[in-house]
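Okay, thanks everyone for coming. I'd like to walk you through a structure that's probably new to most of you, so let's put it up on the screen.

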Amino acid sequence: MKITLGWLHQHLDTDATLDTILDGLTRIGLEVEGVENPGEKLSAFRIARVLTAEPHPQADKLQVLSVDAGDGPLQVVCGAPNARAGLIGVFGMPGATVPANGMLLKVAAIRGVESNGMMCSTRELELGEDHDGIIELPADAPVGTPFLAYAGLDDPVIDVSVTPNRQDCMGVRGIARDLAAAGYGTLKALAVPVVEGIGEGPDVRVEDAAGCPAFHAQAVRGLTNGESPDWMRRRLAAIGQKPISTLVDITNYVMFDLGRPLHVYDMAKLDGGLVARQARVGESVVALNGKSYTLNGGETVIADNAAVHDIGGIMGGEHSGVSATTTDVLIECAYFTPEAIARTGQKLALTSDARTRFERGVDPAFLDQGLAIATDYVLRLCGGQASGVTKAGSPPTDLRTITHQPGRVASLGGMDVTEDRQRDILERLGFAVGDDWQVTVPSWRRDVEGTADLVEEVIRIEGLDKVPSTPLDRPAGVALPTATPEQKLERRMRRAAAARGLAEAITWSFIADDEAAPFGGGAWEVVNPIASDMRVMRPSLLPGLLSAAARNIKRGQSSVRLFEIGRRYLADGERMTLGIVFAGERSPRSWRGGKAQGFDAFDAKAEVLALLEAAGAPVANLQVMDGAGDVFHPGQSATLRLGPKTVLASFGVLHPTTAKAFDLAAGVVAAELYLDALPAKRGSGFMRAAYTPPALQAVTRDFAFLVAEDVAGDQLVRAVRGADKAAIVDARLFDVFAGQGVEPGHKSLAIEVTLQPGAKSFTDVELKAISDKIVAAAAKVGGSLRA
Amino acid sequence: MTPDLDQLRADLLAAIDASAGVDALEAVRVHALGKQGAITGLLKTLGALSPEERQTVAPGIHALREAVTTAIGARKADLEAKALAAKLASERVDLTLPVDRAAPGGVHPVSQVMDELAEIFADLGFAVATGPEIEDDWHNFTALNIPETHPARAMHDTFYAQPRRPQGEQRASAAGGAEAPSDDGGSATGAPQSARAGQSPSPSDGAGAPPAGPEQDRTAQRFVLRTHTSPVQIRTMMTQQPPIRIIAPGRVYRSDSDATHTPMFHQIEGLVIDRGIHMGHLKWTLETFLKAYFERDDIVLRLRPSYFPFTEPSAEVDIGYTLEKGRRVVGGDPAKGNGGWMEVLGSGMVHPKVIAACGLDPDEWQGFAFGTGVDRLAMLKYGMDDLRPFFDGDLRWLKHYGFAALDVPTLSGGVGA
């Protein structure tokens, strides 16, 4: 909400400087968002008298003036037809900038005659449209003084951010009241005129008392609606309101001055009396913004016999709006219920200054004064004769009473404020404080509901800077970890991935429909997305990472290794997930390695296993199984499972179709680790099991088996490892061979088996027995010892 | 000692010295010490001598053999060393040639800052809590004293969410074909742990949407993308007995987009509920946290009265900055030089209605809450001036603003990297 310093002074008697007031506003919770003085651009212009005016020797339309701007005669060339000796006008010295065109005035020769500045027109100073001649000021205008001060234009505009709880500060007077309470001056008394109305008030009724409890109205007949006076136009323009006509300007002025919205109807356009009622289904109204609104029924409206003329408390209708030909008006001063206004405004997506005030709760006890002030302005500025006042319904003026506990200011607000001072602050703000600390809340402070609110009133006026910093106690006892196991897991995974050369990305939680489609479509969508490609809550982290990878490749990155840790959004919950995407080159061409190498599925497997190991998962027990899904290459992808059902990760080469959908070339590798599926760490305490190193060194034996092509290597290794659990501690596949010497349709798998002797070394007989068991176990999965 | 021996010694030693390679040296050795060798021959003559003669002659021959053997050994070692040196010299490589560099991995600045904040608040006894991002209306608004018709709702630019299909038809697995990962490993949103000894956190329904639990009958099950981390306050107070000290970091969403606003961003919420907590504790906590975070003692805060529906009294907090080379650097008192105030967080004493909505007695328990933007804190500390690249995954940006894996924020090492 914008106010001007001059406007503020109309309500606040103060010696405080602008800076003090700005600081004060912010201190008491009325944050100053900006301040500017539109008059500042006129600060270099002075009032000057034309001493003489002679024809220009070289140009018919120009004159050579001698001008006194306070420092003696100056020669000025001027083209204005009204320039003449004795005229008092506005003069720009060399060095001043003309507001309208940004021209910097200099001493210059105009058609061979030196000119030392410029006499200005209204338009040149952006004070109006007139450009027929230079400004003519009254004869008593003080020559040599700044024009700004004389014209009353030296009025800084202050932009105050009013929080939604402070409707009372959505008028200049409310802000003045708050400043006065905080000691920045004295609130001047509000003059409420007594309007002598003749005859009965206009015919208004209330049917929808829930939405519009009170509807006060007064008619003024025989008026003239012209242009409002300069001072009013200037103030409205200063706060960003376009002056329209006297009647409209009056309603706006009263609203911004006193926080009291009003509406004025052209009585000639009304068919019978006005009623505040609920809208009927399908009724429509063209509002003052020119748009047509169809009502759902139930909204509070003001209507006559024929039509709806006002969306109650939000915006008036175009049809009965006032115009230059209006002579008889009905002035509405009503109280609309905040919740009803809010609902209607939300439904119609219609905002207005009136709605902003009504939905925050205007002062229900200010209807009579508000109407009298408005009618008085109309009578004074437009003439006419006022009727009596009709008061339909009654506003909710019951005052709230709160039992204040002065001690709460210290125990909740953390500040010691004496009881006398507390009483003083509350009373300055308009609260009535009884001896027993029964506090009556003023009618304009709907937001104050309890003791906590009173504490806030006291400490904000006293100053939050006076709250002393008070250390929190250290929690008793030993400091336990403050992160959950899930959070610790997440941190560990993040740092492990980064250490392995992956860059952490954070991508949007919402993705496009077509990005989600290959990943199951997603379980949640945003009803009102900010863009159509941010509509689906991601069912996987891969779409976001793939898009990021594609952007990086487009920017010329040759190798992309990205990961992200975040949630994927499923029908039954949000699951922590780690996504990985590799695209481009695994290694660049090099003098050692030759050609550039791409990524393959084993890169993904290595990454997944390393990260699972870092997470403490039982990596040796995991099974590689199919089922990574359609987004992956069907023959080069897999899942890692703990038991047949618990999928810990999916990985592999992306399906070329998926890659293409994300504008990536084939050969993209991806993986997803489902952190929520990782088994929780068991065990408690820090003690490890006792450890004794084996007395004897382990021995290794190599075996080569022939198996059919389709036998999985891991299947054979598992069989071998399980052949003699006492002796075999490891089995590692180190060679895969097919071709010469191997029967077609078969492959040779070479396995190094590590045997750990116990107390005594293995005898040859024992080694033979173990060897036989290994061969037998391999045979069970179709392996025969290679000759 | 006879002149013959002296001559032989001189000849042999000269031959050893002159031998240019291992083979030549071997020839000398055979000539001297081989079966037919000169010295071997001399030794053979000893058998024919009388003991007296032998005593006279033998020492000279033995000494000769010893000297020649030693000289051959020394010459051999010398030759071998030279040969090795020559071989190694021939093996020289150009070590200015490049090696393969490890891929440059890194941690996103938002993650780094979250870790920094968790570290700072752990020292103050705050546990880390989480909650769902697809939140129900009740937790996000109503319980926080923001009813349907409250003007403050308009300040939030809320995203609304809805299930895409009836439940049960969803493919739970991201990968499409895989079975759903089991959820017995814990959810993303478990109950916050207590920082205090002897208190066991109570179970939370937090993980999923739609939420189960007592609030189900209080909401029409309208879902939003949480507009702030404040619903975690509600979830914590409803599941945990005070005293409570938590921070809740995470993603939040508002329909807004420009250089300093993105539709998704990160907040961190703080909540303390105890007996006798007041604004002074809030002020101290914020000062302590911001000084620790920026690692500067000259952090100046300005608390401004403000309004949040869920706190009363409420305060917005500005931090003082000074201008250094045209950039805003946090720290210093704006009143004393060129600089100004920047709003960094919102805070206040938890509204009695909020405490009551969570089933706690507002006459017994009170406390404070605060919330701030993690991305914004990162920008202020590390100097990014645009929020949008945070969520682009641009490797160049990530390399420039990211952190090394081992830059783990610790209190002993400093929370800044």
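Let's start with chain A and what it's built from: its secondary structure comes to 19 helices and 41 strands. Keep in mind throughout that this is a predicted model.

So what about overall shape? The C-alpha atoms of chain A fill a box of roughly 130 × 80 × 60 Å, taken along the principal axes. Now, if you packed 787 residues into a compact globule, you'd look for a radius of gyration near 28 Å, but chain A comes out at 42 Å. As for burial, 45% of the 787 residues in chain A are buried. And here's one on the contacts: take those in chain A between residues at least 6 apart in sequence, and 69% of them join residues at least 24 apart.

Okay, over to chain B. The domain assignment splits chain B into domain 1, which is 3-85, and domain 2, which is 109-161 + 205-401. How far apart are the centres of domain 1 and domain 2 of chain B? Going by C-alpha atoms, 93 Å.

Next, where the two chains meet. Chain A puts 115 residues into the contact, and chain B puts in 97 residues. Which element gives the most on the chain A side? That's helix H13 of chain A, residues 485-499, with 9 residues. If you sort the chain A side of the contact by residue type, you get 54 nonpolar, 33 polar and 28 charged.

There's also strand pairing across the chains. Strand S29 of chain A, residues 524-526, pairs with strand S3 of chain B, residues 159-163, in the antiparallel sense over 3 bridges. To find that spot on the screen, look for Glu525(A), which stands opposite Gln162(B) in S3(B).

Last stop, a single residue: Pro193(A). You'll find Pro193(A) in the loop between strand S12 (186-187) and strand S13 (204-206) of chain A. Why does Pro193(A) count as partly exposed? Because Pro193(A) has 13 C-beta neighbours inside 10 Å, and the partly exposed class lies between 12 or fewer, which is exposed, and 20 or more, which is buried.

And who does Pro193(A) touch? Leaving out residues up to four places away in sequence, Pro193(A) touches Ala372(A), Ile373(A) and Asp376(A). Then there's Ser394(A): Pro193(A) and Ser394(A) are 201 residues apart in sequence, and 22 Å apart in space, C-alpha to C-alpha.

That's my tour, thanks for listening.

Notes. Residues are numbered from 1 along each chain as its sequence is written. Chains are lettered from A and ligands numbered from 1 in the order in which they are written. This is a predicted model: local features need pLDDT of at least 70, side-chain atom pairs count only at pLDDT 80 or more; totals for chains, interfaces and linings use all residues. Two residues are in contact if their C-beta atoms, placed from the backbone, lie within 7 Å. Helices (H or I, at least four residues) and strands (E, at least two) are DSSP runs, numbered from the N terminus. Ala, Val, Leu, Ile, Met, Phe, Trp, Tyr, Cys and Pro count as nonpolar, Asp, Glu, Lys and Arg as charged, and the others, Gly among them, as polar. Two strands pair if DSSP finds at least two bridges between them. The radius of gyration is taken over C-alpha atoms; the globule rule is 2.2 Å times the number of residues to the power 0.38. Domain bounds come from an automatic or database domain assignment.
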